[in-house]
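This report covers the ring contacts, enclosed spaces and salt bridges of one protein chain. The sequence and the structure come first.

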Amino acid sequence: MVRLLHFSLDPFSRRIRLSLAEMGLAAELNEERPWEMRDAFLDMNPSGTLPVLIDQDGTVCAGVEAVGGYLDEQWPLETGSLWGTNPVVRAEVRRLVAWFDGKFHHEVTSPLLMEKVVRRFVSAAQGGGAPKMNRVRSALEALRTHLAYINALAQARNLLVGDDLTVADLAAASHLSVADYLGDISWDEVPDAKAWYQRIKSRPSFRSLLADQVRGMPPSSQYSELDF
C-alpha cells in the first residue's frame with residue numbers, strides 16, 4: 001500500500017486520490033495542512049505543495065504531475081492509460097489537464113480556497129481573518145466562464161475527451177468538487193456540464209471524496225447528492 005500526504009480540499013490531491021481509486025490501488029491517506037509548513041513535510045517536498053506519495057520501498061514523489069506520471073508508469077492499466085490511448089487523445093488530455101491545473105486553479109480554486117478555507121486556520125500575521133470578498137467575487141465570475149466552457153465540451157463529447165474516462169475528467173472534477181463543497185456552483189445554468197459531473201460523481205472512485213469533511217466547515221447540501 002502506498003501512502004499519500006494530502007489535504008481533503010486540495011484539488012491536486014483529489015485528482016491523485018481519484019486516479020488511485022480508478023486504478024484499483026489502495027492508499028493510506030495522511031492529511032497534511034501545507035500552510036503549517038512542517039519540517040518533515042518540507043523535507044519531502046521543499047516547494048510545500050501537495051500531494052506527496054510515498055511508495056512501499058520509500059520512493060517519494062512530490063507534486064501532482066510527478067505523482068500522476070509515477071502511477072501511470074509504475075502500475076500501467078491493462079485497459080490503457082488514463083492519459084489516453086493514442087497521441088492525439090493524449091495531447092488533448094494534457095491540454096485540458098493544464099487548463100484546469102493551471103488556468104482554472106489560478107483563477108478559481110486557489111482564491112476560493114485561500115479566502116474561504118485557509119484564512120480560517122492561519123493567524124492574522126500569516127494572512128488569516130475575514131475573506132477578501134473582491135477576490136471571492138472575481139473567482140466566482142471566472143468560475144461561470146469556466147463552467148460555460150465545460151458545458152460546451154460536454155455538449156460535443158460523452159466525456160471531456162471522447163468516450164473514455166481520462167485524467168482530464170479527473171482533473172476537472174477535482175477542481176469543480178472543491179467549489180461544489182463550498183456551495184459556489186449554480187448547476188442549473190450549465191445542464192450539459194451538470195450531466196457530465198453527475199456521471200463522474202457517481203463513479204465508485206468518487207465515494208471517498210464525497211465523505212470528506214473539513215472541521216468546522218460542512219459541505220454544501222448538494223455536495224454528496226448524486227442526483228442534484
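Is Glu65 buried, partly exposed or exposed? Glu65 has a relative accessibility of 45%, so this residue counts as partly exposed. The model is a predicted one, and every value below was computed from it.

**Salt bridges**

Side chains of opposite charge can pair when their charged atoms come close. In this model the count of salt bridges comes to 15. In one of them Glu65 is paired with Arg15, with 3.0 Å between the closest N and O atoms. Glu65 belongs to helix H3 and Arg15 to helix H1, and the two residues are 50 apart in the chain, so the contact links distant parts of it. Arg15 has a relative accessible area of 1% and is buried, whereas Glu65 is partly exposed.

Helix H1 takes part in another link of this kind through Glu22. Glu22 forms a salt bridge with Arg203, the closest N and O atoms lying 2.8 Å apart. Arg203 sits in the loop between helix H7 (191-201) and helix H8 (207-210), 181 residues from Glu22. The relative accessible area of Arg203 is 30%, which puts this residue in the partly exposed class.

Asp180 and Lys201 also meet through their side chains, at 3.6 Å from N to O. Asp180 is in helix H6 (residues 167-181) and Lys201 in helix H7, so this salt bridge ties together parts that are 21 residues apart in sequence. Both Asp180 and Lys201 are buried. Elsewhere, Arg14, Arg17 and Asp212 are joined into one network by salt bridges that share partners.

The three pairs described singly are listed here.

| Salt bridge | N to O distance |
|---|---|
| Glu65 and Arg15 | 3.0 Å |
| Arg203 and Glu22 | 2.8 Å |
| Asp180 and Lys201 | 3.6 Å |

**Aromatic rings**

The whole structure holds 11 aromatic pairs. One of them is formed by Trp35 and Phe121, whose ring centres are 5.8 Å apart and whose planes meet at 20 degrees, a stacked arrangement. Trp35 lies in the loop between strand E2 (27-31) and helix H2 (39-44), while Phe121 lies in helix H4 (residues 87-121). The two are 86 residues apart, and the pair links distant parts of the chain. Trp35 is buried, because its relative accessibility is 16% and the limit for that class is under 20%. Phe121, with a relative accessible area of 22%, is partly exposed.

Why is the pair of Tyr70 and Trp75 classed as edge-to-face? The planes of these two rings stand at 80 degrees, with the centres 6.0 Å apart, and an angle over 60 degrees puts a pair in that class. Tyr70 is buried at a relative accessible area of 16%, and Trp75 is partly exposed at 26%.

Ring pairs also join Trp187, Trp196, Tyr197, Phe206 and Phe228 into a cluster.

Charged side chains lie over some of the rings. Arg33 is placed over the face of Phe121, 4.6 Å from the ring centre. The charged end of Lys103 is over the ring of Trp99, at 5.8 Å from its centre.

**Cavity and pockets**

There is one cavity of 30 Å³ or more in the structure. The space in the largest cavity is about 80 Å³. Its lining includes Arg15, Asp72, Trp83 and Val167. Helix H1 (11-22) and helix H3 (64-74) each supply at least two lining residues, and H3 gives the most, with three. By class, the lining has six nonpolar, three polar and two charged residues.

The largest pocket holds about 370 Å³ of space. Of its 16 lining residues, Asp10, Pro34, Trp35, Leu113 and Val118 lie nearest the centre. H1 and H4 are the elements that give two or more residues to this lining, and H4 gives the most, with five. The lining is made up of 10 nonpolar, five polar and one charged residues.

About 230 Å³ lies in the second largest pocket. It is lined by 15 residues, and those closest to its centre are Gly80, Ser81, Leu82, Asp164 and Leu165. This lining divides into five nonpolar, six polar and four charged residues.

Terms used:
Residues numbered from 1 in each chain as written. Predicted model: local features only at pLDDT ≥ 70, side-chain atom pairs only at ≥ 80, totals over all residues. Heavy atoms only, no water. Phe/Tyr/Trp six-rings, centres within 6.5 Å; stacked < 30°, edge-to-face > 60°. Helix = DSSP H or I, 4+ residues; strand = E, 2+ residues; numbered from the N terminus. Buried < 20%, exposed > 50% of the residue type's maximum accessible area, 1.4 Å probe, protein only. Lys NZ or Arg CZ within 6 Å of the ring centre and 35° of its normal. 1 Å grid on protein atoms, 1.4 Å probe; cavity = no way out; pocket = protein on both sides within 12 Å on 5 of 7 lines; lining within 4 Å. Points joined across faces, edges and corners; volume = space filled by probe spheres on them. Nonpolar A, V, L, I, M, F, W, Y, C, P; charged D, E, K, R; others polar. Salt bridge = Lys/Arg side-chain N within 4 Å of Asp/Glu carboxyl O.
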